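Colleague: Could you take me closely through a single part of this model, and set out with care how that part relates to what lies around it?

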Amino acid sequence: MGVSDFNDTFKEKRENKGAQNFNDQNDSVTMVLRHKDIRKCAHNWKNYQSGGEEIGRIVIPSEEDIRDIRQIPFEVDPPEHKGYRDLLETWFKRPIQNEYIIKLTKIIENIIDENLNKDYCEVVSEFALVLQSRALTLLLNIPLDESKRWISWGTHVFRSEETNLDKNKADILYDYVDSQIDVAISNPGNDLYSFLLSSEINGKKLTKEEVKGIMILTFAGGRDTIINAITNSVAYFAEHPKSLKYIKEKPEIINNAVEELIRYFTPLTQMGRVVKEDTNICEQDIKANSKISLCWASANRDESIFEEPNKVILDRKVNPHLSFGFGTHNCLGASQTRSILRILLKVMSEKLLSIEIKEAKENIEDLKVFQRKVGFNTLKVQFKS
Ligand code: HEM
């Protein structure tokens, strides 16, 4: 196996039972593993809920102990969810506009140039984190320089290297967002904070608390996920130089290639829901108020949906992957992610002859009941032009 390969962690359980049970900090969870069942549950927000009393409970591992701010619109169910979504949708679609793409291309070209032919570049901290942070200034519509502060926080907003859930790191983000909201109140501009503070839903201005919930999610949701997607893509093209050449010769397949890489890596393994009324999934009785999880990573390897699911087929035509979720809560950051990866693939294929891996240490998500690779702790490469 190469360092860019990802196993199908859930194959046996998906094929045999379609579900897997485990304990998340004394909360029992039924993990739903088949594509069809996951789509059904994601669609049925009435019985599989994201809102509810316990803030942070639908995240796995649960964030109940480290967070008391509701992330919006992620932890809100319809009908309230729609008001937030309608407000945010246009702003989060800006990454597909021409002007935005031109600025993002410049950012990506610069990062590649900064690292070209260096002895080595540590991709996670010197490339992916930097790219994710600089690109986020475009999404928030704030000066590029602000990215330096986010880069200084390191790769994880809620996680340090030693512990899984780190309250101190979360506090850095919360205090920062509070202070930025205050700046935007006293000095409004054209940024996302100011846009939210001046917006209304059903004739009511958003509160500071609501703006904070949206901003925290914008920072947290698009950090590890994008960093892993970028790092894994670099590792993939390092090990598959012919694929990089193929993209250079056939840039029209880039959109398919991005969907395929996102399917194959599935940067976010799963997300939870709280069951409203007693139910039955995969012949298993599930009690009200217990937790299920929608395992996007398993859905994306479901043989009944994808031909040769364990192979990266860059020009795969039909690709109903669930990496960005499904239904009501599907990812608002998908346009940002897609634009970053599409431009990255284009620029890498144009500027690079090859990528040589010098050192690789995998980042394994370990929930005891399963271990799954999500990316790298360290990936040192040489970008050769
Ligand atoms: C590779 C990158 C990313 C992946 C794999 C990813 C994955 C996901 C998934 C699976 C969901 C659905 C969660 C659920 O159903 O409960 C989601 C929701 C969401 N994501 Fe992402 N995400 C990525 C990047 C981003 C970025 C860059 C942002 C913002 C800057 C973002 C913001 C959000 C938001 C706001 C939601 C909640 C939408 C709602 O509840 O209506 N994500 N994401």
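Modeller: For the classes used below, Ala, Val, Leu, Ile, Met, Phe, Trp, Tyr, Cys and Pro count as nonpolar, Asp, Glu, Lys and Arg as charged, and the others, Gly among them, as polar. The model is predicted, and the part I would single out is helix H14, residues 334-351. At 1.5 Å a residue, the 18 residues of H14 should span 26 Å, and because its end C-alpha atoms are 25 Å apart, the two values agree.

The buried residues of H14 are Gln336, Thr337, Ser339, a run from Ile340 through Leu341, Arg342, Ile343 and Leu344 to Leu345, and finally Ser349. Their cover includes helices H4 (98-115), H5 (123-140), H10 (224-239), H11 (241-249) and H12 (254-265).

H14 also takes part in the largest nonpolar core, of 44 residues, in which Val123, Ala128, Leu131, Ile230, Val234 and Val381 touch the most other members. At least two residues of this core come from each of H4, H5, H10, H12, H14 and strand S12 (371-384), with H5 supplying the largest share, eleven residues. Leaving aside residues up to four places away in sequence, Leu131 touches Ile108, Ile111 and Ile230.

Turning to the ligand, 25 residues surround it, the closest being Gly221, Gly222, Gly325, Cys331 and Gly333. H14, together with helix H9 (208-221) and H10, gives two or more residues to this shell, which by class has 13 nonpolar, eleven polar and one charged residues.

Terms used. Residues are numbered from 1 along each chain as its sequence is written. This is a predicted model: local features need pLDDT of at least 70, side-chain atom pairs count only at pLDDT 80 or more; totals for chains, interfaces and linings use all residues. Helices (H or I, at least four residues) and strands (E, at least two) are DSSP runs, numbered from the N terminus. The expected span of a helix is 1.5 Å times one less than its number of residues. A residue is buried if 20 or more other C-beta atoms lie within 10 Å of its own, exposed if 12 or fewer, and partly exposed in between; C-beta atoms are placed from the backbone. Two residues are in contact if their C-beta atoms, placed from the backbone, lie within 7 Å. A nonpolar core is a set of buried Ala, Val, Leu, Ile, Met, Phe, Trp, Tyr and Cys residues joined through C-beta atoms within 7 Å. A residue is near a molecule or strand if its C-beta atom, placed from the backbone, lies within 6 Å of it.
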